[in-house]
Amino acid sequence: MYKVAVLPGDGIGPEVMNIAIKVLEKIAQKYSFKFNFEFADVGGIAIDNHGTPLPENTIKVCENADAILFGSVGGPKWENLPPEKQPERGALLPLRKHFNLFANIRPVKVFDALREACSLKDKFFPNGLDIVILRELTGGIYFGQPKSINPEKTEAVDTMRYSKPEIERIGRLAFQAARLRKSKVTSVDKANVLMTSVLWREVITKLREKEFPDVELNHMYVDNAAMQLVRNPGQFDVIVTENMFGDILSDEAAMLTGSLGMLPSASLNESGFGLYEPIGGTAPDIAGQNIANPTAQVLSAALMLRYSFKMEEAAADIENAVAKTLEAGFRTGDIYFSDEGTQKVNTTDFGDKIISFI
Ligand code: IPM
Ligand code: MN
C-alpha cells in the first residue's frame, strides 16, 4: 500500500490529475498493489477554500504520504493578490523548501511518433533527443535574502546566493545520473559575470576531479546553452544548473518534445522523498474544456513509481503506453498538426487510450 498526497491545484491541474489517477489505478490493478490517495487543496483553490495557498492541513497530508503528486497552481484570478499570497510564491516554492526538494529532474525525450511536433527540423537531431536537466530547486535567486520591493515601488532587490554544499549535492546527482547514461555532464553557469557562477564552476570542477574522473564534463555559459539547445540539442546528455537557469532552459527544452504539455519532473530531497509535477503551468485559457494534454501529468506519475517506489517496470509500462498512444495516431490539440494518420482527441479519450495500452 502506497500513500500518495494528491494536490491537483488550479487550471488544467484537476483535469489532467484525474487521468494520472486513473492510470495509476490501472497500474495498481495490473501489478497487484494498492494506492491510498489523499487529496488536498493547494494554490488558488486553497486560497478560495481556506484563505491561504498552502494550508497547514495540506502540509500534513504531504508529510504523512510516501510521495506527493502535484498538478499546477496559479491563474488570473489570484494574480493581483500581494506577492506572498499568490499561489506560486505562497504555495509551490514554500512546499519545495519545506521538504528540501533541492534536486529537480527534468527528462527531455522526444517520442519517435512526435518528431514532427518538435520545433526543430528532423535533421537537427538525427539520433533522437534524450537529455536530462538537473535543476537546483531550493537555492539561488528564487530564495535568496534580501528580497523586497520598496513601498514607493521604485526599487526592488533579489539576491542570488549559493554555498559549496548546495552546489556539491546537485552536482553529485548529475554525475551519478550521467554514469547511467552517456557519461557526459554539461554544467551551465554565467561565470563571466556572476560570482555565484564562479563558485559553481569551481565546485563542479573539483567534484569531478575528486569523485567522478570517469565522467566527461564541460562548462557552458547560459546564453550559449540557450542557443545550443536549438542549434544542436543532440550534443547534450545531462545538464546541471542553478535554479533560475534551469527554470528557463527546461521550458525551452520542453518545446523540443513538441509541447510544454509533454514534460514531467521529479523533485527529490536527500532522503529520496519526492514531489512529482508537470513542468508546464495551469494553462488557464484552456482549463475546464477537457482538451489539455495529460501526458506531462501521467509521465510525472511514472517518475513517482520509478524514484519513490522503485517500480521501474511499472514506470516503463506507463511510458510505453504513452508512446503507443502516440504511435496509434492519437493527439491532443497542442500536438495535433495534420489529419494524415492522426486523430485529435480530448483529454479523457487520450487518457483512456493510455490506459488501454497498459
Ligand atoms: C516551474 C514553474 C515554477 C518555477 C513557478 C510556477 C514558480 O515555472 O516549476 O518551472 O519557476 O519553478
Ligand atoms: Mn518554469
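Student: What makes β2 and β9 the edge strands of the sheet?

Tutor: In this predicted model, ten strands form an open, mixed sheet in the order β2-β1-β3-β12-β11-β4-β5-β10-β8-β9. Strands are DSSP runs (E, at least two residues; helices are H or I, at least four), and two of them pair if DSSP finds at least two bridges between them. β2 (35-39) and β9 (216-221) each pair on one side only, so they are the edges.

Student: How do you know that β11 and β12 pair?

Tutor: Five bridges link β11 (residues 264-268) and β12 (residues 274-278), antiparallel, and the definition asks for at least two, so they count as paired. One of the partnerships is Ser265 with Glu277 in β12.

Student: What makes Arg96 a polar contact of ligand 1?

Tutor: A polar contact is a pair of N or O atoms within 3.5 Å. A polar side-chain atom of Arg96 sits 2.6 Å from a ligand oxygen, so the pair qualifies. Arg135 does too, at 2.8 Å from an oxygen of ligand 1, and so does the side chain of Asp247, at 2.8 Å.

Student: Why are five residues of the shell around ligand 1 called charged?

Tutor: Asp, Glu, Lys and Arg count as charged. The residues around the ligand (a heavy atom within 4 Å) include Glu88, Arg96, Arg106, Arg135 and Asp247, so these get that label.

Tutor: A note on conventions: residues are numbered from 1 along each chain, with chains lettered from A and ligands numbered from 1 as written. Local features need pLDDT of at least 70 and side-chain atom pairs 80 or more, while totals for chains, interfaces and linings use all residues, and side-chain values use heavy atoms, without hydrogens or water.

Key:
Polar contact = N/O pair within 3.5 Å; in protein donor to acceptor, adjacent residues only side chain to side chain.
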